[in-house]
Amino acid sequence: EFEAIVNARFDASQLKDGYAPFCKHFFVANDFTDARVNVLPLSKDNEHLVRTEYAARNEKELPILQRFIPLELIGGADQLPVAKYLDLILYSREQIQKENESMGKEKGDETAPWGIVSIKA
C-alpha cells in the first residue's frame, strides 16, 4: 500500500537534488502513515534529558559523537509527534545496481528509474 500511494503521488518535476547526482529527495505529505519524527527541539524543559555517546551505524563505520534523548525518558515513541511530511531518499536505478553488485547481490528485475533507499520522517 505504501509503495502504491507514493507511486500515485510521484512527480519527477518535484525531485530535489541530493548529496550526489544519483541521489534525489521526494517530499510527500504524510497523511497515510503513523511515522513519527525522530527529533525534538531542545528546550529548557528537556535539555536535562540529553545524553551523548560515540556510536557507529554499522561495524564498518567509525563511531561519531551524537546527542540524543532516550525514548524511555519521554514516555516512549508514542510521545513523539506524527510526521507531517516524509522525505523519501531515492537513488537512481544505475546506482542501486552498482551498490547491489558491490555487495554480491543479484541484479533484480526492477526497471523504475528511481528506488527508495531511505525514508526520513
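Q: What makes a residue of this chain count as buried, partly exposed or exposed?
A: A residue is buried under 20% relative accessible area, exposed over 50% and partly exposed in between, with a 1.4 Å probe and protein chains only; by that criterion, buried residues make up 25% of the 121 residues in the protein chain. The model is predicted, so local features need pLDDT of at least 70 and side-chain atom pairs count only at pLDDT 80 or more, whereas totals for chains, interfaces and linings use all residues. Residues are numbered from 1 along each chain as its sequence is written, and side-chain values use heavy atoms, with hydrogens and water left out.

Q: How many helices and strands does the protein chain have?
A: Counting DSSP runs numbered from the N terminus (helices H or I, at least four residues; strands E, at least two), the protein chain has 3 helices and 6 strands.

Q: Why is the protein chain called more spread out than a compact globule?
A: The globule rule, 2.2 Å times the number of residues to the power 0.38, gives 14 Å for 121 residues, and the radius of gyration of the protein chain, 18 Å, is well over that, so the chain is more spread out than a compact globule. The radius is taken over C-alpha atoms.

Q: What makes β1 and β6 edge strands of the open sheet?
A: Strands pair if DSSP finds at least two bridges between them, and 4 strands form the open sheet in the order β1-β2-β5-β6, with antiparallel pairing. β1 (16-17) and β6 (114-120) each have a single partner strand, so one side of each is left without a neighbour in the sheet.

Q: How do you know that β1 pairs with β2?
A: 2 bridges join β1 to β2 (residues 23-29), which meets the requirement of at least two; Asp17 stands opposite Lys24 in β2.
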